[in-house]
Structures are given as C-alpha cells and as structure tokens.
Amino acid sequence: AGSGATPAAVDGVEPSMVVAERVRRAWERQLERQGSANGELRVAPHEPILGAAPGVLDRLERRGRRFKLAPRRLHRAMRIARTIADLDGRDAITGPDVDEALLYRPELAA
C-alpha cells in the first residue's frame, strides 16, 4: 500500500462517495437549468434546453434511421445523453453521449 495510489487508480472503480458527489452535482445542474430531472423533460430533442453540441442532432437522426427508432426512443436517448453530460459536468451533449445513451436501449439490455 506504500505506492500512494487510491483504490480507484488501482482497479478503475470510483469510490461510492465520489460517485454520490457527482450524482448530487448532476442533480443540482438539472434543477438549476430546468427545474426538474432530465427524465421528466417533455421537450423535443432539438430544444436548446437540452444543450446539444453542433452535429449531435444529425448524429441522433442518423442513428435513429439506422436502428429504425421511433421518435419517442430518440427523445429518450437525448434525455439520457443530457444526464451523461451532466454527470461529466458538461453543458453540451456530445456525439459520444448520444452513442452511449443508445447503448441503454431496453432491447439491448435484455
């Protein structure tokens, strides 16, 4: 244990307290930005409140066509991508956030 490395640095897993703090900050960002959780948003994916970086909506549309996703699924993916960006402390949703969000599609999780 004399190396000074934290358990997170050794096994790649963040301590629960670190994760809890990141979740708390993400929740605060959501409440400050829109007054509710991202999961409760009922805005269209192109709405500025979601904060999509340039090119993100094009990527979402391409993925939607490729995977034959309904608009409802695309909306859900954008809300998840918004949460991923919040957890990372970023104002803008990036293309990789959208791709990660699409990995959480229910049919892939089964």
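These legends accompany a set of close-up views of a predicted model.

**Figure 1. The whole chain is built from helices alone among its regular elements, with six helices and zero strands.** Reading along the sequence gives the pattern α-α-α-α-α-α. Of the 110 residues, 30% count as buried. The chain exposes about 7100 Å², and carbon and sulfur atoms supply 57% of that area. If you like to think in contact maps, take the contacts between residues at least 6 apart in sequence: 56% of them join residues at least 24 apart.

**Figure 2. Helix H4 packs its buried residues against H2, H3 and H5.** Helix H4 covers residues 71-87. What span should its 17 residues have at 1.5 Å a residue? The expected value is 24 Å, and the end C-alpha atoms are 24 Å apart, so the two agree. The buried residues of H4 are Leu74, His75, Ala77, Met78, Arg79, Ile80, Ala81, Arg82, Ile84, Ala85 and Asp86. As you scan that list, notice that charged side chains such as Arg79, Arg82 and Asp86 are included in it. After the helix comes Gly89, with a positive phi near 75°.

**Figure 3. His75, in helix H4, makes a side-chain polar contact with Arg79.** The two side chains come to 2.6 Å in this contact. Is His75 buried or exposed? Its relative accessibility is 12%, and because buried means under 20%, His75 counts as buried. Setting aside residues up to four places away in sequence, His75 touches Leu41, Arg42, Val43, Ala44 and Pro45. Arg79, the partner in the polar contact, is also listed among the buried residues of H4.

**Figure 4. Asp86 and Arg33 meet in a salt bridge between their side chains.** The N to O distance is 2.7 Å. This pair links distant parts of the chain, with Asp86 in helix H4 and Arg33 in helix H2 (residues 16-34), 53 residues apart. How accessible is each partner? Asp86 is buried, at 2% relative accessibility, whereas Arg33 is partly exposed, with a relative accessible area of 26%. Widen the view a little and both residues turn out to belong to a network of salt bridges that links Arg29, Arg33, Arg82, Asp86 and Asp91. The structure holds 13 salt bridges, and two further ones are shown in the next two views.

**Figure 5. Asp99 and Arg59 form a salt bridge through their side chains.** Here the N to O distance is 2.5 Å. Which parts of the chain does the pair tie together? Asp99 lies in helix H5 (residues 95-103) and Arg59 in helix H3 (residues 56-67), so the bridge ties together parts that are 40 residues apart in sequence. Both partners count as partly exposed: Asp99 has a relative accessibility of 24%, and Arg59 has 22%.

**Figure 6. Asp88 and Arg90 meet in a salt bridge.** Their side chains come to 3.0 Å, N to O. Arg90 counts as partly exposed, at 24% relative accessibility. Gly89, with its positive phi, sits in the sequence beside this pair, as the residue numbers show.

**Figure 7. Gln34, in helix H2, makes a side-chain polar contact with Asn38.** The distance between the two side chains in this contact is 2.6 Å. Gln34 counts as buried, with a relative accessibility of 17%. Which residues does Gln34 contact once its neighbours within four places in sequence are left aside? They are Leu41 and Ile49. Leu41 is a name to remember from an earlier view, since it is also one of the residues touched by His75.

**Figure 8. Lys68 has a positive phi although it is not a glycine.** The angle is about 55°. Why is that worth a close-up? Most residues other than glycine have a negative phi. Where is Lys68 found? Lys68 is in the loop between H3 and H4. At 75% relative accessibility, Lys68 counts as exposed.

Conventions
Residues numbered from 1 in each chain as written. Predicted model: local features only at pLDDT ≥ 70, side-chain atom pairs only at ≥ 80, totals over all residues. Heavy atoms only, no water. Helix = DSSP H or I, 4+ residues; strand = E, 2+ residues; numbered from the N terminus. Buried < 20%, exposed > 50% of the residue type's maximum accessible area, 1.4 Å probe, protein only. Polar contact = N/O pair within 3.5 Å; in protein donor to acceptor, adjacent residues only side chain to side chain. Contact = heavy atoms within 4.5 Å. Salt bridge = Lys/Arg side-chain N within 4 Å of Asp/Glu carboxyl O. Expected span 1.5 Å × (residues − 1). Areas by Shrake-Rupley, 256 points an atom, 1.4 Å probe, with all protein chains shown as cover.
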